[in-house]
Amino acid sequence: MEMTGAQILMAVLEEQGVDTIFGFPGGAVIDIYDELVKTDIRHILVRHEQGAVHAADGYARASGRPGVCLVTSGPGATNTVTGIATAYMDSIPMVVITGQVPTHLIGNDAFQEVDITGITRPCTKHNYLVKSVDDLARVLREAFYIAMSGRPGPVLVDIPKDVANAHTRWNDNPQIRIKSYQPNYKPNMKQLKKVVGLIKKAKRPLLFGGGGLILSNAAEAFTEFARQTRTPVTTSLMGLGAFPGSDPLWLGMIGMHGTYRANMSAGNCDLLIAIGVRFDDRVTGKIDTFAGKAKIVHIDIDPTSIRKNVQVAVPVVGGCRESLEKLNALIAEEQIDNFDERHQEWLQQIDEWKAQFRMAYDQGETVIKPQFVIDKLFELTKGQAIVTTEVGQNQMWAAQFYHFDGPRQFITSGGLGTMGFGLPAAIGAKAACPDRQVVDIAGDGSIQMNIQEMATAVQSCLPVKIVILNNGYLGMVRQWQELFYDRRYACTLMDHQPDFVKLADAYGALGLRATRPDEVEKVLQEGLASDRTVIMDFVVEKEESVYPMVPAGANITEMLLV
Amino acid sequence: MQENKHVITMLVDNEPGVLARVVGLFGGRGFNIESLCVAETVTTGISRITIVTKANPPVVEQIEKQLNKLINIVKVRDLTHEDAVKREMALICVKASPEYRAEILRIVDIFRCKVVDVGLEHFIIEVTGDEGKLTALLNLLKPMGIKKIARTGTIALMREPK
Ligand SMILES: Cc1ncc(C[n+]2csc(CCOP(=O)(O)OP(=O)(O)O)c2C)c(N)n1
Ligand SMILES: [Mg+2]
C-alpha cells in the first residue's frame with residue numbers, strides 16, 4: 001500500500017500503542033497534524049513546547065510507556081531542548097518528533113530552519129534526520145526501540161516537510177534489528193555469586209537503590225531482596241518509591257538532603273549494594289570518602305555508570321530487575337536464616353541514629369511551615385497521590401515528608417533539576433493515570449517558569465492540583481546564600497509575585513489560599529476534593545531551610561542539622 | 001594518575017553525523033584527541049575511525065565504554081598494547097638550499113621515504129612509519145627548516161594470527 005510520510009508516522013504510532021501525544025503545531029508539521037486528527041490518538045495542545053516535552057516525560061514516568069511529542073521546526077524544536085535534556089539526565093523513554101524544512105532547503109538558513117539533530121546530539125540517547133520517506137518507518141521503529149530498551153532515554157526524529165508528504169510503500173513488518181545496539185539485560189552469574197558471598201559475610205550491609213529500579217520495574221524484586229536479607233534500604237531522589245516508605249527497613253533518602261540515619265549508614269556500612277544508581281555528586285558528597293568503610297557492589301544496565309565515579313569491588317552489568325530476581329533465587333537456594341541475628345547490632349545502631357535526629361519542624365500558631373503542608377497533604381491523600389515537583393526546597397521537602405509506598409508515584413527532575421518541570425509533568429501524569437490524584441508540589445519561583453500550562457490543564461480537562469509553597473524567595477538559592485554567603489541574598493528575593501488565586505481564576509481554574517496554619521487543612525481538603533484544576537497558594541515561612549544538609553563537596557556524614 | 005597514549009580503533013556505521021557524535025563525545029566529556037583518522041572500509045556502510053588519545057586508565061575505560069554506548073558504533077578496540085601494526089603518513093615540505101640538498105637526499109634514503117615534489121628551494125618528502133620513525137626523521141630535518149607539514153595521524157590494524 002502506498003502511503004505518505006505523515007500517514008506512515010501515524011501508522012507507526014498506532015502500531016507502537018501510542019494513545020496520547022503532546023504537541024504544538026507549525027508550518028513544518030502542518031501535514032502531520034492534518035493526518036493526526038484523522039486518528040484516535042489523543043493530542044494534548046500545550047502552550048509552550050517545553051511543556052510538551054515535560055508532559056510527555058511525566059506521562060512516561062507515571063505509566064512506564066514512552067512519552068511522545070510533536071513540534072514544528074526552528075523555534076518549536078529549540079524550545080524542546082530543556083525538556084529533552086531533563087529526560088536524558090533521568091533516562092526517561094521518549095520519542096520527540098520535530099518538523100524540519102524541506103530537504104532541498106536544509107543548510108540554506110531557510111525560514112525556521114535549525115540543526116536540531118546537531119543541537120540535541122549530546123542530550124538524546126540517539127537522534128535521526130530522515131532524508132527519505134523510504135527510511136521513515138524503520139527510523140521511527142528504531143526510535144521507539146532505542147528509547148525503551150537498555151538504559152532508556154529520549155530519541156529525536158527530525159522529519160522534513162517534503163518527507164512527510166512523499167509517498168512510499170508501507171512496510172507492515174515491525175521487526176527491526178540494529179546490529180550495533182544490543183542491550184544486555186542478563187547479569188553474569190559468576191559476579192552475582194560473588195555478591196551473595198559478600199552478603200553472607202557482611203555485618204553492616206546497606207542497600208542503595210536509584211531510578212534504574214523504577215525504570216526497569218524492579219521495585220518488587222528490590223523489596224523482596226531487602227526483606228529476605230533483612231538489609232536496611234536507602235535510595236537516591238530518583239529511587240523514591242522503589243521501596244515502601246512505611247517499611248521498618250526504610251531509612252529515607254540518601255545524599256545532600258538525605259536523612260541523618262541514611263547518610264550515617266552509608267558512612268559506616270561494610271557492604272554497599274548499589275542498584276540502578278550512578279553515584280551523582282548530590283548523593284555522594286566527597287567522593288573519596290563515600291562509603292569509605294564498605295565493599296561496594298554496583299549493578300547497572302549501563303556499563304558507563306560503573307566505575308565512572310567510584311571504584312567498586314563487584315561490578316555487575318545487567319538489568320536491575322533481572323539481576324535482583326536472580327539474586328533473590330540464589331539467596332533462597334542457600335537457605336540462610338540468620339540474617340536477623342547477624343544484622344541485629346547494625347539495625348540497632350541505625351535505630352539510635354534515627355532517635356538522635358528526626359526530620360522535625362516546629363509548627364507554631366502564626367506562620368505556616370512548608371513541611372507541615374506536605375505532612376498534611378500526605379495525610380489527606382493517604383499517601384496515594386502521584387506527586388510531581390518543581391525544583392528547590394519544595395522538591396526536597398516533598399522528598400522528605402511525603403512517604404512514597406510505590407514506584408512511579410514520585411515524579412521529579414533529578415539529574416538536571418529543571419525548574420518548571422512539575423506542572424507540565426503533572427499534566428502528563430494525569431493524562432496517563434486519569435483516575436489518580438496528581439499533585440504538583442511547587443515553589444513560587446518555579447511555577448512561573450511554565451505557568452502557561454495552566455491553560456493546557458483546563459482545556460484538556462486534566463485537573464491537576466498545584467500546591468505552591470510560597471516563600472517569596474528562590475528559596476534553595478537563598479538557603480545557600482544564608483549558609484555559605486553570609487546571608488547576602490543576591491537576587492533571590494521575589495517581592496513581586498502575581499496573585500496566584502486570581503491567576504488561577506483567570507485561567508479558568510480554582511484558586512485557594514492559606515496564610516495561617518489553621519487554614520492549611522481546609523484549603524487542602526477543598527482543593528483535593530474539587531474536580532477542577534486547582535492552585536493552592538500556601539504563604540509559608542520565608543526563611544525556612546531544608547535540613548539535614550551536606551555542604552557541597554563535604555563528607556556525607558558531616559551534615560548541618562538545624 | 002599517569003596519562004598514556006592510547007590508539008583506539010572503531011568500526012562505525014557510515015552515516016551522516018557519526019563523526020560529529022564521536023568528536024562531540026570527546027569534547028563534551030573532556031577527553032583528549034591527539035589525532036583522528038576516518039575512512040571507509042571494504043564493507044559497504046562501515047567506516048573505520050582511529051583515534052589517538054592521552055588518558056589515565058580510568059578515563060580510557062570510560063572512553064571505550066562511552067564509545068560503545070553510541071548507537072552507530074559497531075565495535076571499539078584499544079590497540080595500544082595489542083599486537084597491531086600502527087602507521088602514520090606525513091608529507092613534509094623541507095627547505096632545500098644547495099648546501100643541504102645532498103644531505104636531505106641521504107636522510108630520505110636512510111629512512112626509505114620518497115621525494116614526491118622538487119623545486120629550487122624545497123623538497124616534499126613522503127614518509128610512512130610508526131611514531132618513532134616520524135619523530136626521528138623530523139628531528140633530522142628540523143635544522144634545514146621545515147616549511148610545511150601534513151600528517152594523517154595514526155591508523156592501526158590488528159595482526160592476524162600467523
Ligand atoms: C531552569 C532553572 N533555573 C535556575 C535554577 C537554579 N535554582 C535551583 S532551585 C532555585 C530556586 C527555586 O525557587 P522556588 O521555585 O521558589 O523554590 P523554593 O526553593 O523557594 O522552594 C533556583 C533558582 C534551576 N534549578 N532551574
Ligand atoms: Mg520559593
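This is a guided tour of a predicted model, going from one selection to the next.

**Chain B as a whole**

Begin by displaying chain B alone as a cartoon, where the secondary structure comes to four helices and nine strands. Followed along the sequence, these elements appear in the pattern β-α-β-β-α-β-β-α-β-β-α-β-β. Switching to the C-alpha trace of chain B, you will find that it spans about 55 × 40 × 40 Å along its principal axes. If you colour by accessibility, buried residues account for 40% of the 162 residues in chain B. A contact map of chain B can be drawn next: among contacts between residues at least 6 apart in sequence, 73% join residues at least 24 apart.

**P98 and R112 in chain B**

Now select P98(B), which lies in helix α3 of chain B, residues 98–110. P98(B) counts as exposed because its relative accessibility is 69%, the cut-off for that class being over 50%. Add L11(B) to the selection and draw a C-alpha to C-alpha distance from P98(B): the two are 87 residues apart in sequence and 47 Å apart in space.

Then move along to R112(B), in the loop between α3 and β6 (114–118) of chain B. Its backbone deserves a check of the torsions, since R112(B) has a positive phi of about 50 degrees although it is not a glycine. R112(B) is also exposed, with a relative accessibility of 74%.

**Helices α3 and α18 of chain A**

Turn to chain A and select helix α3 (residues 49–63) together with helix α18 (residues 422–432), whose axes come within 6 Å of each other and cross at roughly 45 degrees. With that angle, α3(A) is oblique to α18(A), and the crossing of the two is right-handed. Show side chains at the contact: from α3(A) there are G51(A), H54(A), A55(A), G58(A), Y59(A), A62(A) and S63(A), and these meet P424(A), A425(A), G428(A), A429(A), A431(A) and A432(A) in α18(A). Coloured by class, the contact of α3(A) with α18(A) has eight nonpolar residues, five polar ones and no charged ones.

**Helices α12 and α15 of chain A**

For a second helix pair, select α12 (residues 260–268) and α15 (residues 339–356) of chain A, which pack with their axes 8 Å apart at an angle of about 140 degrees. How are α12(A) and α15(A) placed relative to each other, oblique or parallel? They are oblique, because angles count as roughly antiparallel over 145 degrees and as roughly perpendicular from 65 to 115. The crossing of α12(A) and α15(A) is right-handed. On the α12(A) side, pick Y260(A), R261(A), M264(A), S265(A) and N268(A), which meet W346(A), I350(A), W353(A), K354(A) and Q356(A) in α15(A). The residues of this contact between α12(A) and α15(A) divide into five nonpolar, three polar and two charged.

**The magnesium ion, ligand 2**

Which residues coordinate the magnesium ion (ligand 2)? Centre the view on that ion and you will find D444(A) through OD, N471(A) through OD1 and Y473(A) through O, at 2.1 Å. Along the chain, the donors of the magnesium ion (ligand 2) follow the spacing D-x26-N-x1-Y. Colouring by accessibility here shows that both N471(A) and Y473(A) are buried.

**Helix α20 of chain A and the loop after it**

Continue to α20 (475–484) of chain A, where the buried residues are G475(A), M476(A), R478(A), Q479(A), Q481(A) and E482(A). To see part of what covers the buried residues of α20(A), add α17 (393–401) of chain A to the selection.

Just after α20(A) comes D486(A), which takes a positive phi of about 55 degrees. D486(A) sits in the loop between α20 and α21 (500–506) of chain A, and the positive phi occurs here in a residue other than glycine. D486(A) is exposed, with a relative accessible area of 64%.

**A cis peptide bond**

For the last stop, select Y547(A) and P548(A), which are joined by a cis peptide bond with omega at about -5 degrees. P548(A) is placed in the segment after β20 (534–539) of chain A.

Conventions
Residues are numbered from 1 along each chain as its sequence is written. Chains are lettered from A and ligands numbered from 1 in the order in which they are written. This is a predicted model: local features need pLDDT of at least 70, side-chain atom pairs count only at pLDDT 80 or more; totals for chains, interfaces and linings use all residues. Side-chain values use heavy atoms; hydrogens and water are left out. Axes are lines fitted to C-alpha atoms, for helices over the stretch in contact, and angles run from 0 to 180 degrees between N-to-C directions. Angles under 35 degrees count as roughly parallel, over 145 as roughly antiparallel, 65 to 115 as roughly perpendicular and the rest as oblique. A crossing is left-handed if the near helix is turned anticlockwise from the far one by less than a right angle, and right-handed if clockwise. Contact means heavy atoms within 4.5 Å. Ala, Val, Leu, Ile, Met, Phe, Trp, Tyr, Cys and Pro count as nonpolar, Asp, Glu, Lys and Arg as charged, and the others, Gly among them, as polar. Donors are N, O and S atoms within 2.8 Å of the metal (3.2 Å for Na, K and Ca); water is not among the atoms, so sites may look incomplete. Buried means under 20% relative accessible area, exposed over 50%, partly exposed in between (1.4 Å probe, protein chains only).
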